[in-house]
Amino acid sequence: MRNRLLKILPALGVLIVATLLAGCGSKTEVHDEWLESARLDADETPEELYTQALKEDVLIVYTVSTRLTEVKESFEREYPGLLVEIRDLRSPNLVSAVEENYQKGGSDCDVVICSDNSGDFKTRLADTGIVTGYVPKDIGKHFKTADNGQEGILSFVYEAEMLFYNSAEYESCPIENIWELTDEKYRNRIYMPNPLRSFSTYTLCTSMFQTESERALENAYRDYYGREYTTDPKRSDGEGTQNSCAALFWSRIAASTVFTNSSDEVVEALSNGNADFGFLVSSKMRFSDIGFSMQPVYKLEPFSGCRTSYSVSLARNSKNINTAKLFIRYLLGGEDGKGEGRKPFDTLGTWSARDDAPDGNPVALEDIDLIIPDQDFIIKQDWTEEFWTRLLVKN
Amino acid sequence: MKRTRLFPVIILVLIITGSLSGGCAKIQQPSVLRVAIPYSDKIQDVNTNYYIRWLEEKTGLDLDITLIRQTRPGEYLDALFSSGTDIDVVMFGGDFTLSDEELGAFTEAGDVYSGDGTGMYLNYGATARNRAGQILWINHEWLKKLQLSVPTNTEELEAVLLAFKNNDPNGNGKNDEIPLAGAVDDYAYEPYELILNSFVYNDPYHSRIIRAVSDSQSELQTAYTDEFREGLAFCRRLYEKGLLDRGMFDGNLSRLREMVNSPDDIVGAFTSDSVSDVIYQGNPEIMARFIHVAPLAGPDGVRNALYKADKPVCGAVINAHSKRIDEARLLLDTMMTEEASLIARYGERGVDWDYSEGSDVSIYGGASTIVTFNYIWNTSQNKHLNGIGPMNVPDKYLKGVTWNGINSDTEYIDGRAQMAYRDYLPGTADPYERDEELSAYLDGRVKEYITGSRDVSNEEDWKEFISGYDK
């Protein structure tokens with residue numbers, strides 16, 4: 001009896017592991033029925049997709065960008081008979097909602113638009129196959145970076161999480177070095193979204209710990225304070241931080257900063273005079289068009305922020321696959337990049353990811369002092385939540 | 001063989017002893033309490049509602065719920081008491097509310113159980129207390145299309161409204177834009193009341209009187225000041241130019257809602273207490289169209305935000321003719337506890353919300369006390385009664401709630417607006433007691449001056465106005 005049990009144990013183990021993996025939504029089998037019927041590699045014209053889409057239900061889009069409401073309105077005008085429902089969520093909530101929907105076996109989501117730099121999107125949605133890429137061949141060739149490490153999921157626009165200053169208070173940016181933000185005179189005059197509730201802010205905070213960023217931050221420290229940065233053995237910023245220069249910077253900033261729920265609140269604080277500086281997502285620059293007094297800091301020693309991007313993907317099990325494909329084509333601007341669907345993203349502070357569709361920004365993304373986040377590095381930093389929780393509770 | 005014979009005997013003994021022991025330890029049936037609740041489309045099914053079931057478990061009562069379909073609470077209570085219908089508790093909420101005067105009449109008649117007090121179990125928890133009661137919301141899509149800035153003062157507001165009227169911001173080629181819309185149902189929807197606050201502090205809820213805060217001061221009737229008159233003249237100008245909605249003096253809230261939520265995009269701006277009073281919660285596209293405007297500066301730089309100290313409303317009463325007064329009190333006292341009130345406001349703990357560790361930011365700024373996972377207030381749900389019934393949610397939770405991450409969430413949108421108005425609230429939080437007759441007199445004149453049936457620039461008329469009520 002004991003021998004028989006020993007014989008079947010390895011097989012049982014394999015079975016259990018396989019079951020657990022399947023339960024976790026691991027992408028172990030890509031050639032499933034849904035994927036085959038979705039025909040993601042097919043050459044389909046917008047007209048063909050439209051004809052098929054008319055037989056489908058309301059398209060549900062989960063997005064972190066309010067601008068999708070404008071895309072929805074013009075899409076419905078362009079394709080009468082098709083309806084789109086927008087669910088506008090903050091990134092962490094969006095990832096949880098899409099994940100939950102998938103785990104419940106639901107199909108209450110067709111298209112997902114999310115900030116894709118923090119690692120959460122990649123590890124929880126892309127790597128598990130809960131979302132999958134769709135890049136129309138005729139359009140995909142025009143994207144500057146077709147693969148951002150997420151198996152074909154397209155980053156369709158670039159933005160930045162960066163520093164802005166109050167332009168009603170200052171004619172030009174009053175600082176040249178990022179360490180100046182830690183000066184006493186700016187205490188409670190800096191606003192930024194809670195990094196534990198904003199993917200792009202989290203990306204900025206964590207990418208500062210990348211080796212190159214650390215060195216740059218140390219050099220800026222030396223330039224500003226006139227002495228080398230040295231690790232104080234008495235100081236403890238918590239496990240994982242190794243008392244680094246970035247940990248010191250964020251500890252000091254957290255003590256001077258008013259944390260908010262979103263970039264919108266930072267925009268309002270800059271404009272109503274409560275803030276001198278704010279870290280926020282660059283796409284909010286468009287609010288300066290309607291009188292909000294804020295200007296981006298393009299040049300700062302050693303950096304003003306980090307680059308971010310937004311991806312568009314299909315939710316696995318989408319039942320409105322033709323409408324979803326048509327919507328993604330539309331959002332990307334169609335074959336020539338000039339379609340209406342791209343226009344809401346053709347604004348200040350959003351940079352085009354297409355090589356054939358320039359954006360209207362006065363400064364190219366490459367010319368701004370920005371960190372390029374290393375997603376693999378960011379994913380490995382499992383201490384950051386504790387680090388930030390401690391700072392937020394303390395301050 | 002022996003076993004076979006014994007078996008029926010054993011069974012018989014078991015049945016007898018089972019019956020006896022069952023009789024001895026008879027499970028006591030829970031008391032049935034008959035509760036009437038106004039119908040709400042925000043509650044999916046009262047019989048399976050999480051909060052109702054939680055209350056049953058907590059109190060040991062069996063709640064037999066009757067839905068009230070009538071819309072007038074006074075008439076409902078009249079019918080209830082005259083018919084002798086067996087209802088123990090009546091709950092109120094939403095539009096189904098009972099004033100102090102109405103309640104007083106029922107209590108005096110001996111129909112409402114008063115116990116040691118008024119007989120009213122209060123509802124305190126729908127909104128954060130002590131806040132701005134009127135916010136200006138503007139269509140920023142129109143601003144963008146016309147390349148205009150958010151107005152910061154009354155002069156800029158006039159220019160923006162004029163552009164809204166003349167430049168076809170909805171792009172349909174028709175002159176169908178309503179620059180600044182309103183409704184007659186409440187001061188919060190009357191945009192001229194907000195504009196007047198850019199000239200002098202104007203609190204129509206309290207008869208426009210500023211209470212004296214020291215012996216050396218006297219009460220100030222702000223409606224009789226030169227600044228108020230100047231404000232009226234400004235509003236009159238907006239009205240003459242067609243910038244104020246002509247229908248706001250007799251059109252109701254339903255009309256305002258229809259206009260603002262119209263897919264034809266015809267409204268440029270409106271005022272309200274909460275944005276959800278006007279824009280439907282399930283309409284994120286319309287919600288994304290409007291942003292709040294901070295209090296406008298008047299010609300002399302005056303900016304005020306209208307203070308609103310929400311009085312708790314009636315949440316429930318006990319039928320004095322009930323034979324289950326103690327059980328009714330048990331239920332309502334339980335509903336007034338913090339534990340129950342948090343369920344009544346936020347839903348199931350651990351599923352819809354939980355206490356915060358303090359690392360989140362409240363929607364009103366500052367550290368959070370409550371983290372919401374599913375923000376279900378004002379949505380169709382089955383976790384609570386959406387504000388119906390008594391509750392007492394401590395302010396630290398109402399003001400400490402975090403954002404659920406949904407951009408169209410109205411509590412978050414309202415919270416941000418409140419922060420913009422907070423600095424312009426009056427110093428005192430003790431407003432003058434409202435005088436209904438005086439208010440009716442002043443409100444009538446305000447309307448007449450703005451619509452032009454009286455001339456606000458006429459000295460004789462103005463003199464008559466400011467002395468008129470005393471006559």
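**Figure 1. Leu146(B) sits in the loop between H5 and H6 of chain B.** This close-up comes from a predicted model, as do the others. Leu146(B) and Phe164(B) are separated by 18 residues in sequence. In space, their C-alpha atoms are 8.2 Å apart. Phe164(B) is also one of the contacts of Leu146(B), once neighbours within four places in sequence are set aside. The other residues in contact are Ala163(B), Asn167(B) and Pro169(B).

**Figure 2. Asn153(B) reaches two backbone nitrogens with its side chain.** Asn153(B) belongs to the loop that links H5 to helix H6 (154-166) of chain B. The side chain of Asn153(B) lies 3.2 Å from the backbone nitrogen of Glu155(B). For the backbone nitrogen of Glu156(B), the distance is 2.7 Å. Asn153(B) also touches Leu296(B) and Ala297(B), with residues up to four places away in sequence not counted.

**Figure 3. Six strands of chain B form an open sheet.** The strand order is E2-E1-E3-E12-E4-E15. Pairing in this sheet is mixed. Strand E2 (62-68) and strand E15 (391-392) of chain B are the edge strands, and each pairs on one side only. E15(B) runs parallel to strand E4 (residues 121-124) of chain B, and two bridges join this pair. Within it, Tyr124(B) stands opposite Asn392(B) of E15(B).

**Figure 4. Helix H2 of chain B lies across two strands, E1 and E2 of chain B.** Helix H2 spans residues 50-59, and strand E1 spans 32-38. The angle between H2(B) and E2(B) is about 145°. E2(B) is an edge strand of the sheet in Figure 3.

**Figure 5. Ser207(B) has a positive phi.** The value is near 60°, and the residue is not glycine. Most residues other than glycine have a negative phi. Ser207(B) is found in the loop between helix H7 (191-196) and strand E7 (209-210) of chain B.

**Figure 6. A cis peptide bond links Glu301(A) to Pro302(A).** Omega is about -5° at this bond. Most peptide bonds are trans. In chain A, Pro302(A) lies in the loop that runs between strand E9 (294-296) and strand E10 (305-315).

**Figure 7. Chain B and chain A meet through 29 residues from each chain.** The area buried between them is about 2,300 Å². Carbon and sulfur atoms give 49% of that area. Glu285(B), Val361(B) and Asn407(B) supply 23% of the area that chain B buries against chain A. No other three residues supply as much.

**Figure 8. Six salt bridges are counted between chain B and chain A.** One of the salt bridges joins the side chains of Arg416(B) and Glu268(A), at 2.7 Å from N to O. Eleven residue pairs are in polar contact across the interface, with both residues at pLDDT 80 or more. Four elements of chain B each supply at least two residues of the side that touches chain A: helix H5 (140-145), helix H10 (284-289), strand E10 (290-293) and helix H14 (410-422). By residue type, that side of chain B divides into twelve nonpolar, nine polar and eight charged residues.

Conventions: Residues numbered from 1 in each chain as written. Chains lettered and ligands numbered in written order. Predicted model: local features only at pLDDT ≥ 70, side-chain atom pairs only at ≥ 80, totals over all residues. Heavy atoms only, no water. Contact = heavy atoms within 4.5 Å. Buried area = accessible area lost by both parts, 1.4 Å probe. Salt bridge = Lys/Arg side-chain N within 4 Å of Asp/Glu carboxyl O. Polar contact = N/O pair within 3.5 Å; in protein donor to acceptor, adjacent residues only side chain to side chain. Nonpolar A, V, L, I, M, F, W, Y, C, P; charged D, E, K, R; others polar. Pairing = 2+ DSSP bridges. Axes fitted to C-alpha atoms, helices over the stretch in contact; angles between N-to-C directions.
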